[in-house]
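Reader: I'd like to learn how to read a metal site and some helix packing in a model. Can you walk me through one?
Author: Sure, let's have a look.

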Amino acid sequence: MIEVIFTIDYEIYGNGEGSLKEHVYNPARLLQKMFNQAGVKLVFFVEAAELEMIEKAKTDLTIGSVKKQIKDLYLEGHEIALHLHPQWYNGNYKNGIWQLDNLEYNLCVLSEKRITQIIDKAINYLRSVLSDSTYTPFSFRAGNWLFQPTQPTAKILFSRGIKIDSSVFKGGLQRQNNLDYRPAVKNGYFWKFREDINKPANSGEIIEVPIYSEMVPPWRMVTRKRVGLQTTARENLLNKINRLLNSARPLQPLKLDFCRMTISELKAMMINIIRDDQKEPRTYKPIVAIGHTKDLVDFDTVKNFLSYLKENNIKITTLKDAHNTILS
Ligand SMILES: [Zn+2]
């Protein structure tokens, strides 16, 4: 059985440039309308750190509407999940530019004390946004997908109520950040993990439901749509070299991205999954699709993709509901 989970990173990704209205609020509003009309739910990975800092520094007037939007989505039954870019918490706003703290770019390499502090701060902020002191995020996605080294972050998240992570994309490699998800390629559609997120462990507490990806030759990574959406962030020489090395591999992971892919690419990827399901219909296949509010400009493709799933009798669910199915 296949179920598709639409997850969207609700954030201004990158260096903090750009307006909440254009990159977060407006695209999320259209998406909310489309999914509500279709009667299906999304998972919003709300990046708590940047919203809290933007609110504190009063740098973007749309923050009030953004907070109301998150609360509305929550009341409508969409899943509000935790996404974290910790580099924001020590950020400084000077002369109209955010200076983020790159020493805290990867949550997982910080001290146990600091990781706990950051996670608690983020959850408390979401509680205040939702005006619900009992709110506990069910699902987590790390900033820039960095969930290595896996401990102690995983156990801290679990102690705070997190049951699912969706940071891994099989085959992922970022040498500059010590991210290596190549060993996960041989894993199934989901797995429990403990010491290393790549290694299935029965004794694990959190379940990994990875962002769906397929290994493809480099030429398939280059479409006009994806290149057009690529950010033009400034980058140092070492990062550039590492990025080129990462992309020199014969096969690379292409994420199931409903904002960056064309409808024919989305369908082609689903056809492979459907084929696999025909061979093994009894294996549950939660398929996580990813998007970013900032990349969401082509709503027709999302609409067509929803129709395609409906025609093929593929249900849409949330990570929270997928968890129940996994346990049963
Ligand atoms: Zn992000």
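**Metal site and helix packing**

Author: This is a predicted model. Along the chain, the zinc ion's donors are spaced as E-x71-H-x1-H. Glu11 and His83 sit 72 residues apart, so to speak on distant parts of the chain: Glu11 is in the loop between β1 (2–10) and α1 (20–38), and His83 is in strand β3 (residues 79–84).

Reader: Which atoms coordinate the zinc ion?
Author: Glu11 appears twice through OE, and His83 and His85 each come in through NE2, at 2.1 to 2.3 Å.

Reader: What do the angles among the donor atoms say about the site?
Author: As a yardstick, four tetrahedral donors have ideal angles of 109.5 degrees. Here the four donor atoms of the zinc ion span 58 to 136 degrees, and the site is irregular.

Reader: On to the helices. How are two packed helices described?
Author: By the angle between their axes and the distance between the axes. Take α2 (residues 48–57) and α4 (residues 112–130): the angle is about 70 degrees and the axes are 9 Å apart. That makes α2 roughly perpendicular to α4. Ala48, Leu51, Glu52 and Glu55 of α2 meet Lys121, Ala122, Tyr125 and Leu126 of α4. By class, that contact has five nonpolar, no polar and three charged residues.

Reader: At what angle do α3 and α4 cross?
Author: Roughly 85 degrees, with the axes of α3 (residues 63–75) and α4 coming within 8 Å. So α3 is roughly perpendicular to α4. The α3 side of the contact includes Ile63 and Tyr74, while α4 brings Tyr125, Val129 and Leu130.

Definitions and conventions. Residues are numbered from 1 along each chain as its sequence is written. This is a predicted model: local features need pLDDT of at least 70, side-chain atom pairs count only at pLDDT 80 or more; totals for chains, interfaces and linings use all residues. Side-chain values use heavy atoms; hydrogens and water are left out. Axes are lines fitted to C-alpha atoms, for helices over the stretch in contact, and angles run from 0 to 180 degrees between N-to-C directions. Helices (H or I, at least four residues) and strands (E, at least two) are DSSP runs, numbered from the N terminus. Angles under 35 degrees count as roughly parallel, over 145 as roughly antiparallel, 65 to 115 as roughly perpendicular and the rest as oblique. Contact means heavy atoms within 4.5 Å. Ala, Val, Leu, Ile, Met, Phe, Trp, Tyr, Cys and Pro count as nonpolar, Asp, Glu, Lys and Arg as charged, and the others, Gly among them, as polar. Donors are N, O and S atoms within 2.8 Å of the metal (3.2 Å for Na, K and Ca); water is not among the atoms, so sites may look incomplete. Four donors count as tetrahedral if all angles lie between 85 and 135 degrees; four count as square planar and six as octahedral if opposite donors are over 155 degrees apart and all others between 65 and 115; anything else is irregular.
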